[in-house]
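Please take a moment to look over the sequence and the model before reading on. The paragraphs that follow begin in the interior, move through the sheet and end with a few local details.

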Amino acid sequence: MNSAVRSTLVPPSSAGHMLATAKNCPEPSTMVGNTPVLWIGEPFADSGRGFWAKLEGSNPGGMKDRPALHMVEKAKARGDLAPGAMIIESTSGTLGLGLALAGITHHHPVTLVTDPGLEPIVHRMLAAYGARVELVTTPHPTGGWQQ
């Protein structure tokens, strides 16, 4: 093989990976974890060097799927979350996506409270996951939007 020619494995797109993975997943939560990684080398790193990039976009709800699933599972195990009980949380978006996934997985309705800064695409994703989104129009006088 000519040393000037380098063989590169082109990874599937995130969407393609999710579709392929979804065929083997009985529930959305089984897609969380075992996140694919991609070796990044030249031209983004010096010759002979590089780094691993974790492709979190391959998770169904995004970067906070793991903590949201963990929170719901622990609350259920402690008895703090009764079967079918409503999950209500304040969010700016990313934890809300994870909680919406956890709600689907564990059969809990989810209501998320947020401020007008929520990205429209995140609002649409939350609605697609079945979460109810309550918009707070006035910040708390001392605690701001999250209060």
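**From the core outwards**

The largest nonpolar core has 19 residues, and V72, I87, L99, L112, L126 and A131 are those with the most contacts inside it. A nonpolar core here is a set of buried Ala, Val, Leu, Ile, Met, Phe, Trp, Tyr and Cys residues joined through side-chain atoms within 4.5 Å, where buried means under 20% relative accessible area, exposed means over 50%, and partly exposed lies in between (1.4 Å probe, protein chains only). The elements that give two or more residues to this core are α2 (65-78), α3 (94-106), β4 (110-114) and α4 (120-128), and α3 gives the most, with 6 residues. In soluble globular proteins, nonpolar side chains tend to be buried together.

This is a predicted model, in which local features need pLDDT of at least 70 and side-chain atom pairs count only at pLDDT 80 or more, while totals for chains, interfaces and linings use all residues. Residues are numbered from 1 along each chain as its sequence is written, and side-chain values use heavy atoms, with hydrogens and water left out.

One core residue can serve as a starting point. Leaving aside its neighbours within four places in sequence, V72 is in contact with L81, I87, L99, A102 and H106, contact meaning heavy atoms within 4.5 Å. For the chain as a whole, 31% of the 147 residues count as buried, and among contacts between residues at least 6 apart in sequence, 48% join residues at least 24 apart.

The next step is to follow the chain from its beginning. There are 4 helices and 5 strands in the chain, and from the N terminus on they run α-β-β-α-β-α-β-α-β; helices (H or I, at least four residues) and strands (E, at least two) are DSSP runs, numbered from the N terminus.

How are the strands of the open sheet ordered? The sheet is formed by 3 strands in the order β3-β4-β5, with parallel pairing, and two strands count as paired if DSSP finds at least two bridges between them. Because β3 (87-90) and β5 (132-135) stand at the edges, each with a single partner strand, one side of each is left without a neighbour in the sheet. Neighbouring strands of this sheet are turned by 20° against each other on average, direction ignored, with axes taken as lines fitted to C-alpha atoms, for helices over the stretch in contact, and angles running from 0 to 180 degrees between N-to-C directions.

On one side of the pairing, β3 and β4 are joined in the parallel sense over 4 bridges, and the bridge partner of E89 in β4 is L112. For β4 and β5, the parallel pairing also has 4 bridges, and here the bridge partner of L112 in β5 is V133. The chain crosses from β4 through α4 to β5 in a right-handed β-α-β crossover; right-handed means that, with the strands pointing away from the viewer, the path from the first strand over the helix to the second runs clockwise.

V133, which is placed in strand β5, is buried, with a relative accessible area of 19%. Not counting residues up to four places away in sequence, V133 touches L112, T114, L118, H123 and L126.

Charged side chains come next. A search of the whole structure finds 2 salt bridges, a salt bridge being a side-chain nitrogen of Lys or Arg within 4 Å of a carboxyl oxygen of Asp or Glu. In one of them, R78 pairs with D80, the closest N and O atoms being 2.7 Å apart; R78 is exposed, with a relative accessible area of 54%, and D80 is exposed, at 56%. E134 and R132 also meet through their side chains in a salt bridge (2.6 Å, N to O), and E134 is partly exposed, with a relative accessible area of 32%.

Finally, some loop residues deserve a look. P43 lies in the loop between β1 (37-40) and β2 (51-54), and the peptide bond from E42 to P43 is cis, with omega near 5°. In the loop between α3 and β4 sits H107, which has a positive phi of about 60° although it is not a glycine; at 63% relative accessibility, H107 counts as exposed. A82, in the loop between α2 and β3, counts as partly exposed at 41% relative accessibility.
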